[in-house]
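Got your viewer open? Here's a short walk through the model, one selection after another. Let's start with a charged pair and work inwards from there.

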Amino acid sequence: MPTLEFRASIILGSASISFEIVRTLVERLPVMVTPRWTRTLAQPIAVEDVISYLVASLDKDVSKSTVFEIGGSDRVSYLGLLRDYAKIRGIRRIILPVPFLTPRLSSLWLGLVTPVYARVGRSLIEGVRNETLVRDDKALREFRVRPMSAATALERALKNEDQELAQTRWSDAYPDLRGDAKWGGVRFGQRVVDSRTEPVALPADQVFPLVEAIGGDTGWYYGDWLWRVRGFLDLLVGGVGLRRGRRDPKRLRPGDAVDFWRVELLEPGRRLRLRAEMVLPGRAWLEFEVQPNRSRCTLRQTAEFDPLGWLGHLYWYALYPVHGLIFGNMLKRIAREAELRGRGA
């Protein structure tokens, strides 16, 4: 039976092994020692372009088996990918090229830095001893697919991941997040997620208004003086601080400012997602979700952090006890305040 075969070099996309290895190395290593093999040229292709080729092949008449070599629009080495990723993320890295370190030794080092991807990564490194470039442009001549560059593929991978995470309901997606938060949170790719819950003896429509009123004159339900200190420190380093307040004391809409947060997503009566606009070594989100259960509900609070390099990781774990204290008590105070108002109604 005639078969179409597509051969690709490095495939880049959110959750792809190549992308995760590049990301982990850049994010975790302030100084990178790069052996000779990292300068071997390849032709990385975005996973979206691979899918486009596969879809296009469904309508192609096949009379004989054919091999198509596919690759991105530019030729770049692994070292080039590391530099592109660092530039996109705004991370400065010191790169020290060395003429030694064989792929075998490099794979052992990879096992220390990225243990999750070590086994597959070792095979991948062994496979890049030689150039993996498109020598036959038959795919470009016979398909209308025009692949993007490696840098664009990296940007798309990060953007697609952001969209997927913004739509994720953590309690449904990950069993580890269904109970109370674990120390340090749970890792999701590059991000760290800290999620906790509190049962409330009230229906969801009586609880969510307190969530929607957070910040501004209402305050943050616990440790307001700590929030003011954080706002003052933010001002000192050029941030917005707490001076913005809120547009409306009770109602929010997407795009509203809430002190040094911004409303990224609002599902009325159910879910509020805030994106931090304070100065941080990374990106942060704070999300509240009210999960109805007949005449009761569960209030879930999720803090999500995308650390920028090793400073971001240091920031998260150094301040985790403080965050745990503030977020944990904030959640309990919201639940308690809702129940008190429910009794007085």
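Select Glu-5 to begin: at 34% relative accessibility, Glu-5 is partly exposed (buried means under 20% relative accessible area, exposed over 50%, partly exposed in between, using a 1.4 Å probe and protein chains only). Now add Arg-7, which is also partly exposed, with a relative accessible area of 47%. Their side chains meet in a salt bridge, 2.8 Å from N to O (a side-chain nitrogen of Lys or Arg within 4 Å of a carboxyl oxygen of Asp or Glu).

A word on what you're looking at: this is a predicted model, where local features need pLDDT of at least 70 and side-chain atom pairs count only at pLDDT 80 or more, while totals for chains, interfaces and linings use all residues. Residues are numbered from 1 along each chain as its sequence is written, and side-chain values use heavy atoms, with hydrogens and water left out.

**Next stop: two buried pairs**

By that salt-bridge rule the count comes to 29. Pick Arg-23 and Glu-161, whose closest N and O atoms are 2.7 Å apart in a salt bridge. Arg-23 sits in helix α1 and Glu-161 in helix α7, 138 residues apart, so this pair links distant parts of the chain (helices, H or I and at least four residues, and strands, E and at least two, are DSSP runs numbered from the N terminus). Both Arg-23 and Glu-161 are buried.

Then jump to Glu-287 and Arg-271, another salt bridge, at 3.0 Å between the closest N and O atoms. Glu-287 is in strand β14 and Arg-271 in strand β13, so the pair ties together parts 16 residues apart in sequence. Glu-287 is buried at 3% relative accessibility, and Arg-271 is buried with a relative accessible area of 3%.

**Into the cavity**

Go back to Arg-23 and Glu-161, which are among the residues lining the largest cavity. That cavity holds about 40 Å³ of space. On a 1 Å grid over the protein atoms alone, a cavity is a set of points where a 1.4 Å probe fits but cannot get out, a pocket is an open set with protein on both sides within 12 Å along at least five of seven lines, and lining residues have an atom within 4 Å of a point. Helix α7 gives the most to this lining, with 3 residues. What kinds of residue make up the lining of the largest cavity? They divide into 2 nonpolar, 1 polar and 8 charged (nonpolar is Ala, Val, Leu, Ile, Met, Phe, Trp, Tyr, Cys and Pro; charged is Asp, Glu, Lys and Arg; the others, Gly among them, are polar).

**The pocket**

Now show the largest pocket, with a volume of about 520 Å³ (grid points are joined across faces, edges and corners, and the volume is the space filled by probe spheres set on the points). Of its 25 lining residues, Arg-230, Met-278, Tyr-315, Leu-319 and His-323 are the closest to the centre. The lining splits into 21 nonpolar, 1 polar and 3 charged residues, and α11 gives the most, with 7.

**Last stop: the core**

Keep α11 selected: it also gives the most to the largest nonpolar core, with 10 residues. That core has 43 residues, and Val-200 is one of those with the most contacts inside it (a core is a set of buried Ala, Val, Leu, Ile, Met, Phe, Trp, Tyr and Cys residues joined through side-chain atoms within 4.5 Å). Finish by zooming in on Val-200, which touches residues including Val-207, Leu-299 and Ala-335, leaving out those up to four places away in sequence (contact means heavy atoms within 4.5 Å).
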